[in-house]
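Me: I am new to this structure. Please pick one part and take a close look at it. Then work outward from there.

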Amino acid sequence: MTARGGALVLMLPLLGACSYQRFQSTFSDAAVEVRQFNSLFLIFLVVCAIMYLLVIGFLIAAVIRRRRAGTANVAEDGRHHESDPLMRTTLIAWAVLVGVGLIGLAIASFFGDRSMANAAANPRLSITVTANQWWWDVRYSAADNSKMIRTANELHLPVGVPVHIYLQSNDVIHSFWVPSLAGKQDLIPGRLNDITIVPNKVGIYRGQCAEFCGAQHAHMALVVNVDSHDDFIKWWQHQLQPAPAPATPLAQAGYNFVTSRNCSACHSIAGTPASGSVGPDLTHFASRRTIAAGTLPMSEGNLYGWVADPQSLKPGNHMPTIGLEPDQLHAVVAYLETLK
């Protein structure tokens, strides 16, 4: 059996498994922003539902009244309506009700906007998310440049902390959307957008690109981990560490291949000669929950399949199929699994 065939056979039983939350819901209270959106939506829904029911009620009343008029002269009926004080009062009341409803919705929108702005004031963490076809590059800023970190396709946010996320794109228009935490925001080439999120519930949430961006748009997901403060600090400190040294001969062979051959031209691994910037940073690759921006859950079988033939699993992506020999494939996978 060829390396490619063996890898795919090994991978298939694992394709259905997934260790993170795949469902998404805008009806969540996991962040201040989405809670405000939902409150505003409920107000609009109630007001519009009342108006709709009133319109339907008036329509039914008008039909019934017209039928009761029978064969009365249309002109006389019209004059009767014009002189009907009840009709005049009803029209005035309806106009006032519509005006009050519109003013109420405008006031609710204003206070909802101000509430979200106040919650997002004085952000304590700054992140830059750059969209690429079809993956996310994530960089955490720090006052000390030596403590800046880079990862890919995952966000870690501390609960209760306002996080300012800068959004940009390297190629086409994308859209950043984590339904359980915030609304959509576009990433437009040549333009810097931003969004602020204040998560208030620890958990794992799924985000995605919400703007069609090419053939693999559906496979451009983002895992967002909302951590406790202590867990977030531990994660950050771990991300600052360089990649561990290979501990076995097989992993050492994989290290030699990855850092001296095709892989290092695109990928960076801290503490090694691999310093590419075109593809995702791989320093702690094996600690992530997914492979290829949510295309596959992280597992040994899926890793074999991805390294052996990325084009068969995510056609059109910018990672070429190298055509590794079986021993090279085993070595590369063994090394990548140490990057935790």
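The answer below starts from strand β1 and follows its neighbours.

Reply: This is a predicted model, in which local features need pLDDT of at least 70, side-chain atom pairs count only at pLDDT 80 or more, and totals for chains, interfaces and linings use all residues. Residues are numbered from 1 along each chain as its sequence is written, and side-chain values use heavy atoms, with hydrogens and water left out.

Start with the setting. The protein has 10 helices and 12 strands. Both are DSSP runs, numbered from the N terminus: helices are H or I with at least four residues, strands are E with at least two. Of the 340 residues, 43% are buried. Buried means under 20% relative accessible area, exposed means over 50%, and partly exposed lies in between (1.4 Å probe, protein chains only). Contacts also reach along the chain. Among those with a separation of 6 or more, 65% are between residues 24 or more positions apart. A contact here means heavy atoms within 4.5 Å.

Now strand β1. It covers residues 125-132. Seven of its eight residues are buried, so the rest of the structure largely encloses β1.

What does β1 pair with? Two strands pair if DSSP finds at least two bridges between them. One partner is strand β5, residues 163-169. Seven bridges link β1 and β5 in the parallel sense. Within that pairing, T128 has Y166 of β5 as its bridge partner. Another partner is strand β2, residues 135-140. Here β1 and β2 run antiparallel, joined by six bridges. A131 is matched with W136 in β2. Two residues lie between β1 and β2, and the two strands form a hairpin.

Step back to the sheet. Its order is β3-β2-β1-β5-β8: five strands, open, with mixed pairing. The edges are β3 (149-152) and β8 (193-197), each of which pairs on one side only. From one strand to the next, the twist averages 25 degrees. In a regular strand the side chains alternate between the two faces of the sheet.

Next, move along the sheet from β2 to β3. These two run antiparallel, joined by four bridges. R139 has R150 of β3 as its bridge partner.

Both of these arginines also take part in salt bridges with D137. A salt bridge is a side-chain nitrogen of Lys or Arg within 4 Å of a carboxyl oxygen of Asp or Glu. By this rule the count is two. In one, the D137 and R139 side chains meet at 3.1 Å, N to O. D137 is buried, with a relative accessible area of 5%. R139 is partly exposed, at 37%. In the other, D137 meets R150 at 2.8 Å, N to O. D137 sits in β2 and R150 in β3, so this pair ties together parts 13 residues apart in sequence. D137 and R150 are both buried. The shared partners join D137, R139 and R150 into one network.

What lies across these strands? Helix α5, residues 229-239, lies across β1, β2 and β3. α5 runs at about 100 degrees to β3. Axes are lines fitted to C-alpha atoms, for helices over the stretch in contact, and angles run from 0 to 180 degrees between N-to-C directions.

The helix leads on to another sheet. α5 also lies across β4 and β10 (221-227), at about 135 degrees to β4. Those strands belong to an open sheet of five with mixed pairing, in the order β4-β10-β9-β6-β7. Its edge strands are β4 (154-158) and β7 (185-187), each pairing on one side only. Neighbouring strands in this sheet are turned by 25 degrees against each other on average, direction ignored. Inside it, strand β6 (residues 174-177) and strand β9 (residues 203-209) run antiparallel with two bridges. There F176 stands opposite C209 of β9.

One more stop is a pair of helices. Helix α6 (residues 249-260) and helix α10 (residues 326-336) have axes that come within 7 Å and cross at roughly 95 degrees. That makes α6 roughly perpendicular to α10. The cut-offs are under 35 degrees for roughly parallel, over 145 for roughly antiparallel, 65 to 115 for roughly perpendicular, and oblique for the rest. Residues that meet include L250, Y255 and F257 in α6 and V332 and Y335 in α10.

To close, return to the start: β1 has seven of its eight residues buried, and α5 lies across it.
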